[in-house]
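Please walk me through this protein model. I would like to follow its sheets, its cores and its aromatic side chains.

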Amino acid sequence: MNVFKYHHHCRPQILGSLLLNHFIGECPSISSRFGSKQCFATHSEDQHMTQFMEYLDSLKNYEKLGVPRGSGTDSDDGFDLGRMRRLMERLGNPQSRFKAIHIAGTKGKGSTAAFLSNILRVEGYSVGCYTSPHIETIRERISLGRSGDMVSGKALNSLFKRNKEVFDQSVELENGHLSHFEVLTAMAFSLFAQEDVDVAVIEAGLGGARDATNIICSSELAAAVITSIGEEHVAALGGSLESIATAKAGIIKRGCPTILGGPFLPRIEYILRDKALSMSSPVISASDPGNRSTIKGVNLLNGGLSQCCDIVIQIDNEFIELLDVNLRMLGPHQLQNAATATCVILTLRNLGWRISDASIRSGLEQTFLIGRSHFLAAREAEVLGLPGATILLDGAHTKDSAKALLDTIQMAFPEAQLALVVAMASDKNHVGFAREFLQGGKLESVVLTEALIGGGKSRTTSAAFLRDCWIQASNELGIPISLETKDAEVFFTSKLGNRPVLTTETSLLHAIKIAAEILKQRTKGRQGLVVVSGSLHAVSMGKVMKQPSQKGEKLE
């Protein structure tokens, strides 16, 4: 079995995310070395959906602009879910034609969705999966069928042409307020209905209660899943952990099972369980004391890292003991996501769904998401001009996910010194993120840079502002750092003692090279790791490098 599967909808020949949309412009030798047909080219399928993309670009895109204060709360300030319902009515309510698993949570939504989709597909179900954001092309957000391939550009454009009159009418009737995410969600649900999927795995975009995906009725909902509650989009979701929990609990539907990932703070779990109780929704928790998930070690499998895990879960009459599961998704947080997905599957099995233990194991082991604890292959590092460097891409962008990333690094490379490259969106807790890494130790350098967020600059945090945040975190913790200096000997060597070097660079490619050079000079042969993090959008600026895996395979 080939368990080195990079994404729930990616083909096996996809090697991984290389780095950033402006990468070719900064390093033209790479383009000439590999050729546009093999490397870094826009998917040929995207050429078939120009009209659809132009239409989406004409709509308000909150991923690019940022979400207004209170917009995700179930209040007068929240998004108008009625607008989405009216749009779906004009389209014939396609969301009523398939069963759905709806996933909300601060972190872990996409990973849990990928685990679930793969398990169900291995069993033979036709699955639709809707997630965000994307890595290369917006088509990645929608995958279909038993193969898990992303939707084709032709299919998207064809459906758009059939529905354009409805979209135009809705824009007019809603006074121009229809959004990019609402139209894309409507397209996804319409595709799932058109393809007659057995089940759709749907990731909420923001919060839950007022998210455009939250138009699924209890009769169509197979399960609601809440993975975690943390401090992200705090202003948009009401200003506190409690208000965030309340917003995400909005996906719970009457009489439908609710699966909790966790672990949660007691006061947060009370909010979630109280909502479920009010909706007569049975609650299943992956964090119940009777359930056990452990990491036994990290090893190499099929050329990549995996963690060997045991997952033991009991739900009512359903029991599963999965020993020595090799997860490509690394870290304790990914084990928790795998356990949460397993709880969802056992809940479905308890309701009569046919899903074998073997399918659960195989689906878990096949899952890998680009940008989540994603180590570049040696060839990819060479393409960057950094032969021999170990480079890790991870979209961590909250203090909790920063801690999870550090835990993963400690598990996989306990002795490694770190060179960190950071780009972040403007609405994140930059100081909290910095504090986690400073406290985590083993930092040799931090190179602060910039990335487009949602394809635009309006939510980009400047490298200079990030620098101020890291200095603030350093002062608060009493952990000294050394600011950039013109003295190359001091800058690159160990004369600074154990203090990490902090510098800025607006070019991401140059930032990575600077980080790698500092690491090389200061570690003097000891194990080192270059970590690119701070935003999944930064990772998603990467280009996926493809190569033919077998003679005769066609490159897309």
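The paragraphs below go from the whole chain to sheets, cores and rings.

This is a predicted model, in which local features need pLDDT of at least 70, side-chain atom pairs count only at pLDDT 80 or more, and totals for chains, interfaces and linings use all residues. Residues are numbered from 1 along each chain as its sequence is written, and side-chain values use heavy atoms, with hydrogens and water left out.

Start with the whole chain. The protein chain holds 19 helices and 20 strands. Here helices (H or I, at least four residues) and strands (E, at least two) are DSSP runs, numbered from the N terminus. Of its 556 residues, 59% are buried. Buried means under 20% relative accessible area, exposed means over 50%, and partly exposed lies in between, with a 1.4 Å probe and protein chains only. A contact means heavy atoms within 4.5 Å. Among contacts in the chain with a separation of 6 or more, 75% come from residues 24 or more positions apart.

Now the sheets. Two strands pair if DSSP finds at least two bridges between them. One open sheet has 8 strands in the order S5-S4-S3-S6-S2-S7-S8-S9, with mixed pairing. Its edges are strand S5 (149-150) and strand S9 (283-285), each pairing on one side only. Inside this sheet, strand S3 (residues 127-130) and strand S4 (residues 142-144) run antiparallel, joined by 2 bridges. Tyr130 stands opposite Ile142 in S4.

Another open sheet has 7 strands, ordered S13-S14-S19-S15-S16-S18-S17, again with mixed pairing. Strand S13 (374-375) and strand S17 (482-483) stand at its edges with a single partner strand each, so one side of each has no neighbour in the sheet.

Which strand does S14 pair with over 3 bridges? Strand S14 (residues 391-393) pairs with S19 in the parallel sense. Leu393 has Val532 in S19 as its bridge partner. Strand S15 (residues 417-422) also pairs with S19 in the parallel sense, over 6 bridges. Here Val421 stands opposite Val532, and Gln417 has Gly528 as its bridge partner. Val532 thus appears in bridges with Leu393 and with Val421. In strand S19 (residues 528-533), 5 of the 6 residues are buried, so the strand is largely enclosed by the rest of the structure. Helix H14 (residues 399-412) lies across S14, S15 and S19. It runs at about 155° to S19, where axes are lines fitted to C-alpha atoms, for helices over the stretch in contact, and angles run from 0 to 180 degrees between N-to-C directions.

Next, the cores. A nonpolar core is a set of buried Ala, Val, Leu, Ile, Met, Phe, Trp, Tyr and Cys residues joined through side-chain atoms within 4.5 Å. The largest has 64 residues, and Ile142 and Phe192 have the most contacts inside it. Helix H8 (residues 180-194) gives the largest share, 10 residues. A second, separate core of 42 residues includes Ala114, Leu322, Met329 and Ile345. Beyond its neighbours within four places in sequence, Phe192 touches residues including Phe98, Tyr130, Ile142 and Leu144.

Aromatic rings come next. Rings of Phe, Tyr and Trp (its six-membered ring) pair if their centres lie within 6.5 Å; planes under 30 degrees apart count as stacked, over 60 as edge-to-face and the rest as tilted. The structure holds 12 aromatic pairs. The rings of Tyr55 and Phe160 have centres 5.1 Å apart and planes at 55°, so this pair is tilted. Tyr55 lies in helix H3 (residues 50-57) and Phe160 in helix H7 (residues 153-173), so the pair ties together parts 105 residues apart in sequence. Tyr55 is buried at 11% relative accessibility, and Phe160 is buried at 2%.

Phe433 and Phe437 also form a tilted pair, with centres 5.1 Å apart and planes at 50°. They sit 4 residues apart in helix H15 (residues 430-440), about one helical turn. Both are buried. Ring pairs also link Phe98, Tyr130, Phe181, Phe189 and Phe192 into a cluster.

Finish at Trp470, in helix H16 (residues 463-477). Trp470 is buried, with a relative accessible area of 0%. Leaving aside neighbours within four places in sequence, its contacts include Phe433, Phe437, Leu420 and Val422.
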